[in-house]
Amino acid sequence: MPHNPNKVTERLFQSPSKYIQGPSAFHNAAKYLEPLGKAPLLTCDAIVYKIAGKQLIDSLQAANLKVTYAEFGGEITTPEISRLQKIAQDNTSDFIIGVGGGKTLDCVKAIAAALQVPVASLPTIAATDAPCSAVSVVYTPEGHFDHYKFLKNPDIVLLDTSVIAQAPARFLAAGMGDAIATHVEAKTCRQSVNPGGGLPAELSTAIGEKCEETLFKYGKLAYEANKLKAVTPAFEAVVEANTLLSGLGFESGGVAAAHSIHNGFTAIEALHALLHGEKVAFGTIAQLVLTNSPTAELDRYISFMLSVDLPVTFEQMGIPNVTNDELRLVAKFATAPGETIWSMDISDKVNEEAVFWAIKGADAAGREFIRRTGWTKARV
Ligand SMILES: [Zn+2]
């Protein structure tokens, strides 16, 4: 049964007001950020400050913006949001700029929502589809998941691809793992309300299709370019697919089993070193198994994931000896009440047992593909 408890009949599409991406785009940051206010609070962590933050602040100050800099502590927690919020209030900041990864960007969305001021999201990696979305994930000070905040989309999302190309290619690949799930998931929950609270519009389906097409066309090329820190057209296309297309696609299209299985995997301590998109990639194969996809379709996704070093077997995930008990726990978490797996059109055929076997089936499909094709990791 699709998930639409309040019998919503409206289609809903939401997005940031403006998205800008290009090489050295931070040089033009003042031009894009000026319309938001005159005195921003800018936050990033110490590493990002050295890579891009300092230069960005200098260029904004040169354009007569009164920037207050506050270092981000590294974890998005309720006390950290309050601390930065107070700095913004003390300095009468009229908008907030976040520079960095998903946690930094989620944090500035929360600060801006509390202060009711505009927010600019400036990602420095293309590892997830968080920068465009209205959602923030808040953690406890111990680093465990605490709660989701459903806020508003950033006013501006600005990416400097020269900065993003400096990050390890593994981040781009993880972003592709998150992005490849977008269309696979949205296709299976067209009758359910999306994270924005409405029904998916035709546009979100078109975005999901374009996201997937871009990854299949340019994913491998972009990954190899990133290893050489080269900003090529393929790299630009994939950064956009990971950030904009995937972000809009999931938020208005819906999320399904791949993300639930990802959430289930967080129960296994040994997987904590994996990036979000790496677990979502495996979850995507598991969802394809759950929906009974034919071999040719599975092959297409598995071959793509292997081409960018995303894991398709337990061994590649770093858990070669995972037990059935552990996998049953993953399936239990993945099918908890409120999980996105219940948005699927086939959710009345889904239960913990089916998900357990789908996860085992994904590993089997990955291993079988590797055996059949003789795939080996390229030594370059
Ligand atoms: Zn995701």
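## A walk around the cavity and the H6–H8 crossing

Start by selecting helix H6 (169-186) and helix H7 (202-227): each of them supplies at least two residues of the lining of the largest cavity. Keep in mind as you go that this is a predicted model.

Next, look at the cavity itself. How many cavities of 30 Å³ or more does the structure hold? There is one, and the volume of this largest cavity is about 40 Å³. To see its wall, show His183, Ala186, Lys187, Arg190, Pro200, Ser204, Thr205 and Gly253 as sticks. Colour them by character and you will find two nonpolar, four polar and two charged residues in the lining.

Now keep H6 on screen and add helix H8 (residues 233-253). The axes of H6 and H8 come within 9 Å and cross at roughly 40°, which makes H6 oblique to H8. The crossing in which H6 passes H8 is left-handed.

Ready for the side chains? On H6, select Leu172, Gly175, Met176, Asp178, Ala179, Thr182 and Ala186, which make its part of the contact with H8. On H8, the partners to pick are Phe235, Val238, Val239, Ala241, Asn242, Ser246, Gly249, Phe250 and Gly253. Taken together, the residues of this contact divide into nine nonpolar, six polar and one charged.

For a last stop, centre the view on Ala186 and Gly253. Both residues line the largest cavity, and both also take part in the contact of H6 with H8, Ala186 from H6 and Gly253 from H8.

How values were computed
Residues are numbered from 1 along each chain as its sequence is written. This is a predicted model: local features need pLDDT of at least 70, side-chain atom pairs count only at pLDDT 80 or more; totals for chains, interfaces and linings use all residues. Side-chain values use heavy atoms; hydrogens and water are left out. On a 1 Å grid over the protein atoms alone, a cavity is a set of points where a 1.4 Å probe fits but cannot get out, and a pocket is an open set with protein on both sides within 12 Å along at least five of seven lines; lining residues have an atom within 4 Å of a point. Grid points are joined across faces, edges and corners, and a volume is the space filled by probe spheres set on the points. Helices (H or I, at least four residues) and strands (E, at least two) are DSSP runs, numbered from the N terminus. Ala, Val, Leu, Ile, Met, Phe, Trp, Tyr, Cys and Pro count as nonpolar, Asp, Glu, Lys and Arg as charged, and the others, Gly among them, as polar. Axes are lines fitted to C-alpha atoms, for helices over the stretch in contact, and angles run from 0 to 180 degrees between N-to-C directions. Angles under 35 degrees count as roughly parallel, over 145 as roughly antiparallel, 65 to 115 as roughly perpendicular and the rest as oblique. A crossing is left-handed if the near helix is turned anticlockwise from the far one by less than a right angle, and right-handed if clockwise. Contact means heavy atoms within 4.5 Å.
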